[in-house]
Amino acid sequence: MLTGTTFFFGGFAREQICIYACPWPRIQAAMMDEETLTVGYREWRGEPRKHSEAVAAGAEQGDCIDCMACVNVCPMGIDIRDGQQMECITCALCIDACDDVMERIGKPRGLIDYMALTDEESERGGEPPKPVWRHIFRPRTVLYTALWSLVGVGLVVALFIRPEIDITVAPVRNPTYVTLADGSIRNTYEVRLRNKQGEARPFELSVKADPEIRLELEGTDGDIVTVDANAQRLQRVYLIAPPDSAPAGAHRSDVRLWVEDTESGDRASRETIFNGRGTD
Ligand code: SF4
Ligand code: SF4
């Protein structure tokens, strides 16, 4: 059964996101020029279409029989006969639909077709369109191909050199610190450990700061936790400074939390703050 949510995300919202949120039509529009092949309607051949006022007035009819097949198949719900529109995703379904119609009524295919603006001008003047390869192999398209290939190579390289381990640290600030029974100052942190590898890994946590600050993990005696494959683990971490240490008396001290994959040696770190009493 279709629920309202199904309808929203399956129909209406998809088109609205394609039209208003997707950056591709803007990128595509910026790269197009008058030689770019795109889906278009041979208006000089199709008009006046059946049911138009011109036909009703007795003018000779064009090839378009106004069957609406091209509009009905369009996933974006547009009428390509109105000209190029930003909503068009160049899926070419209207080309196939119209070619079927043209075959059935015994007219040449291609009333809707891939064409360039310069072809339109030639065809209107009775000239044949340029061969497709002359639209495709041009300095501009070669340059774009090279640039997009570079972007693609960059993305692949980034994928291969991305770190397999990551850490984020969120200090718990309510309260900013706790004074323990022996006078030590304790700060708490919510630490997210990410393992991007396909197998579980032992991660060792450590702190780089005043050597007197020590690290403890909630729920475990040691400083090593296991993070599942392709998963992240939320681990509560305590940093504790002895009562007479500099960080305990200072208002705030910089510290860095490190995580190390004890098998591969991969490391990652995040800086954060240790809050003391602020009395020194
Ligand atoms: S499918 Fe072809 S013939 Fe039918 S309305 Fe569209 S352009 Fe005209
Ligand atoms: S190419 Fe696709 S999106 Fe564009 S008008 Fe034709 S059917 Fe619609």
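The following exchange concerns two ligand shells and one sheet in a predicted model.

In this predicted model, local features need pLDDT of at least 70 and side-chain atom pairs count only at pLDDT 80 or more, while totals for chains, interfaces and linings use all residues. Residues are numbered from 1 along each chain as its sequence is written, and chains are lettered from A and ligands numbered from 1 in the order in which they are written.

Visitor: Which helix gives the most to the shell around ligand 1?

Guide: A residue is near a molecule if its C-beta atom, placed from the backbone, lies within 6 Å of it. Ligand 1 is surrounded by 14 residues. Helices (DSSP runs of H or I, at least four residues, numbered from the N terminus) that each supply at least two residues of this shell are helix 5 (69-73) and helix 6 (93-104). With 3 residues, the greatest contribution is that of helix 6.

Visitor: How many residues of the shell around ligand 2 are nonpolar?

Guide: Ala, Val, Leu, Ile, Met, Phe, Trp, Tyr, Cys and Pro count as nonpolar, Asp, Glu, Lys and Arg as charged, and the others, Gly among them, as polar. Of the 14 residues surrounding ligand 2, the closest are C74, I80, C88, C91 and C94. The shell has no charged residue and 1 polar residue; the nonpolar ones number 13.

Visitor: Which residue of strand 10 stands opposite E204?

Guide: Strands are DSSP runs of E, at least two residues, and two of them pair if DSSP finds at least two bridges between them. Strand 6 (residues 201-208) and strand 10 (residues 252-261) run antiparallel and are joined by 6 bridges. Opposite E204, in strand 10, stands E260.
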